[in-house]
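Subject: Structure handover and notes

Dear colleague,

I am passing on the structure below, and would be grateful if you could look through it alongside the notes that follow.

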Amino acid sequence: MPRFLAEFGWQGPPTWSTLTRSISDDPLTPESPGMLVHQKAIEGNDKLIDGLVAHLPLPDDMEDWHWAMSLNQATAVRVAVEHLRSWSPVCMGSVVWQLNDCWPVTSWAAVDGDGHAKPLLYALKHAYADRLVTIQPRNGEPGTPLVVAVVNDSGEAWSGDLVIRRLRFDGVELQGVKVPVGLGARSTTTVPVPSDVAVPAGSGDEVLVATLGAERATWFFAEPRDSALEAPTLAVEPILTPTGARVRVTTDALVQDLALLVDKVHPDAVVDDMLVTLLPGESVTFEVTCPEVLDPAAFADPRVLRHTNQLVTEVAR
C-alpha cells in the first residue's frame, strides 16, 4: 500500500503484424534467433514462462504463445493498477513502465515500435478509467475476504445500487446482494462482500460479478488453467462502414477477455476496445477503423477473434 508507485510493468511481445514484419525466422518460435535478438531482458523469455504457467497452459503454437503472453502482460499490469487504485486515498498515483517502444521488441511497452496498440493499452484504459469498480482481496481484514472498491476520479458525484452476484459459468445466479452506494467527486469507498456471496460452492465454475451503473467488475475464484471455462459458440456479425467495420459478437457461454486482434486483418486497422468479459447470452460491439476496405469474414477467424477460453480449452488438449 504505497503512497505512490513507480515504475512497474510486465513484458509482452509486439503486435503480430509488427512481429512478422520485423522478424523473418523460419520457423518462427519464441526461441528462434530473431526473437532472441529482439528480447533484451536478462532471461526474459524464462521470466515470461514463469509468469504465465501459474495462470494458463504454456502453448506450443507460436500464435497461441503470442496471444497468451500478450494477454498475461495486460492482466498483470491491470491487476496491479486496480489494486493500487482500490487503496486510494492511501495510494494516490502510479506510473506504469512503459508507454511505447522505439523499435520492434518484446518489452514492457503498451504501444509497439510500429505504433500499434498491444492488449496492454486497452487494459490500462479500463484500469485507469475515471470511474472504476474492482473486486479486491482483503485477507488481512477479519470477516472480509473480498471487497468491492468503487473509485470515482471524476469531477461529479456517483451513486446508485451496487449489485454483487455470484454466478455459475452458465449464468445461473447462486447468491446476490444489492447495496446502495454514494460517493463524492474524487473519492473511493469499499463495500465488503457478504460471506454467503463471496464464498463459492465450487471455485472452478463460478464468478463474482459487481455492477454499478455502466461499470462492471468480475472476480474468478480459480486461475483460468484450473477453471471450467468452455469453448463458446460466438456469433460474429460484421458490417462494413465508411471508416472500417462494426463487429457485433454474441456468446452462448461465459467468455473471458474477448479481443479482436485486427492488425492481423490489416496492419493499419485499429479497434476501439479489447479484453471484454461476457456472460452467456451477452453481446459486445467493436468499432474498427482502417484506411482500406476490410474483409468482413476475417473477423470471425479464431486467429483474430481471441479470448482466454481458447488458451484453456485448446492449448490444454
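Leaving out residues up to four places away in sequence, L28 touches W16, L19, T20, I23, M35 and M62, where contact means heavy atoms within 4.5 Å. L28 sits in the loop between α1 (16–22) and α2, with helices (H or I, at least four residues) and strands (E, at least two) taken as DSSP runs numbered from the N terminus. Its C-alpha atom is separated by 9.7 Å from that of E63, which is 35 residues apart from L28 along the chain. P27 is found in the loop between α1 and α2, and a cis peptide bond, with omega of about 5°, joins D26 and P27.

Please keep in mind that this is a predicted model, in which local features need pLDDT of at least 70 and side-chain atom pairs count only at pLDDT 80 or more, while totals for chains, interfaces and linings use all residues. Residues are numbered from 1 along each chain as its sequence is written, and side-chain values use heavy atoms, with hydrogens and water left out.

A second cis peptide bond runs from W97 to Q98, with omega near 15°, and Q98 is placed in the loop between β2 (94–96) and α5. Two residues that are not glycines have a positive phi: E43, at about 55°, and L275, at about 65°. E43 lies in the loop between α2 and α3 and is exposed, with a relative accessible area of 56%, whereas L275, in the loop between β13 (270–271) and β14, is buried at 13%. Here buried means under 20% relative accessible area, exposed over 50%, and partly exposed in between, using a 1.4 Å probe and protein chains only.

In helix α3 (residues 44–52), the residues G44, N45, L48, G51 and L52 are buried. They are on the same side of α3, because they cover an arc of only 125° around the axis, the arc being that of the directions from the helix axis to the C-beta atoms. What covers them includes α2 (33–37) and α4 (62–86).

The largest nonpolar core (a set of buried Ala, Val, Leu, Ile, Met, Phe, Trp, Tyr and Cys residues joined through side-chain atoms within 4.5 Å) has 51 residues, of which L258, L260, V271, F286, V288 and F299 touch the most other members. Helix α4 gives the most to this core, with seven residues. Apart from it lies another core, of 19 residues, including V148 and F221.

The largest pocket has a volume of about 1300 Å³ and is lined by 40 residues, of which R78, E82, T218, D257 and T277 lie nearest its centre. The largest share of that lining, nine residues, comes from α4. The structure also holds one cavity of 30 Å³ or more; the largest cavity has a volume of about 40 Å³, and its lining includes P14, L19, I23 and M35. On a 1 Å grid over the protein atoms alone, a cavity is a set of points where a 1.4 Å probe fits but cannot get out, and a pocket is an open set with protein on both sides within 12 Å along at least five of seven lines, with lining residues having an atom within 4 Å of a point. Grid points are joined across faces, edges and corners, and a volume is the space filled by probe spheres set on the points.

With best wishes
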